[in-house]
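Welcome, and please have your viewer ready with side chains switched on. We will walk from ring to ring, one selection at a time.

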Amino acid sequence: VEQTYIMVKPDGVQRGLVGEIISRFEKKGFKLTGLKLFQCPKELAEEHYKDLQSKPFFPKLIQYITSGPVVCMAWEGVGAVASARKLIGATNPLQAEPGTIRGDLAVQTGRNVVHGSDSPENGKREIGLWFKEGEICDWIPVQEPWLRE
Ligand code: GTP
Ligand code: MG
C-alpha cells in the first residue's frame, strides 16, 4: 500500500476549492491519514521542490507556494500515487483532461491548484517533510470491505 502527499496550493485555498479537492480523493476510496491548513515557510517550499531548483520559474514557484496557506494531506491506498496523479491531471491545466481536478478547475501551470507526489518514494519523503510524526493517523475505514473483493 502506498502513501501519497497531496496539497491544495494557495490558489485552491483562496478560491474555496478545498472541499471539492478533498472530496475527489475521498470519493475515490483512498484513506486520509493526515490533514492540516499550514502557512509554508520558504525553506520548506525550497526543500519540497529542490529537484526544480535550476528551473527559471523556481523563484516564482516558491513565491506561489508560500503566498498563502496550503492544505496538506496524506492519502493511503493501493496504487494511490499514480491514481492520484491521474485524478489531478496534467501539469498544464489547459492540457489536463476534463474530469481531472486541474482540467476542471484551473487554467494555468503557475496556478494549478494542487500537488501530488510523483513516486511512492517521494510520497514518503514529502509526508515526512510536511508532517510531524504525531500528525499522521492510522485507522480502519468502515467502508474497507466494500472497496475490494
Ligand atoms: P506538482 O504536483 O506540483 O509537483 O506538479 P507536477 O508534478 O505536475 O509538475 P512539476 O513537478 O514538474 O512542477 C511542479 C510545479 O511547478 C507545477 O505544478 C507548477 O506549479 C510549477 N511549474 C512547473 N512548470 C512550470 C512552468 O513552466 N512555469 C511556471 N510558472 N510554473 C511551473
Ligand atoms: Mg511534481
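Start by selecting Tyr 5 and Trp 130: both residues are buried. Keep in mind that you are looking at a predicted model.

Now show the two rings together. Tyr 5 and Trp 130 make a stacked aromatic pair, with 5.3 Å from centre to centre and 20° between the planes. Colour the backbone by secondary structure next: Tyr 5 belongs to strand E1 (residues 2-8) and Trp 130 to helix H7 (residues 120-130), so this pair ties together parts that lie 125 residues apart in sequence.

Keep Trp 130 on screen and add Phe 38. Here the geometry is edge-to-face, with the centres of Phe 38 and Trp 130 6.1 Å apart and 80° between their planes. This pair, too, links distant parts of the chain: Phe 38 sits in strand E2 (residues 31-38) and Trp 130 in helix H7, 92 residues apart.

Is each partner buried or partly exposed? Trp 130 counts as buried because its relative accessibility is 2%, under the 20% cut-off. Phe 38 counts as partly exposed because its relative accessibility is 25%, in between the 20% and 50% limits.

Stay on Phe 38 and select Lys 36. The charged end of Lys 36 sits over the ring of Phe 38, 4.6 Å from the ring centre.

For the last stop, add Phe 131 to the selection. Tyr 5, Phe 38, Trp 130 and Phe 131 form one aromatic cluster. How many aromatic pairs does a search of the whole structure find? The search finds 4, among them the stacked pair of Tyr 5 and Trp 130.

Notes:
Residues are numbered from 1 along each chain as its sequence is written. Chains are lettered from A and ligands numbered from 1 in the order in which they are written. This is a predicted model: local features need pLDDT of at least 70, side-chain atom pairs count only at pLDDT 80 or more; totals for chains, interfaces and linings use all residues. Side-chain values use heavy atoms; hydrogens and water are left out. Rings of Phe, Tyr and Trp (its six-membered ring) pair if their centres lie within 6.5 Å; planes under 30 degrees apart count as stacked, over 60 as edge-to-face and the rest as tilted. Helices (H or I, at least four residues) and strands (E, at least two) are DSSP runs, numbered from the N terminus. Buried means under 20% relative accessible area, exposed over 50%, partly exposed in between (1.4 Å probe, protein chains only). A charge sits over a ring if NZ of Lys or CZ of Arg is within 6 Å of the ring centre and within 35 degrees of the ring normal.
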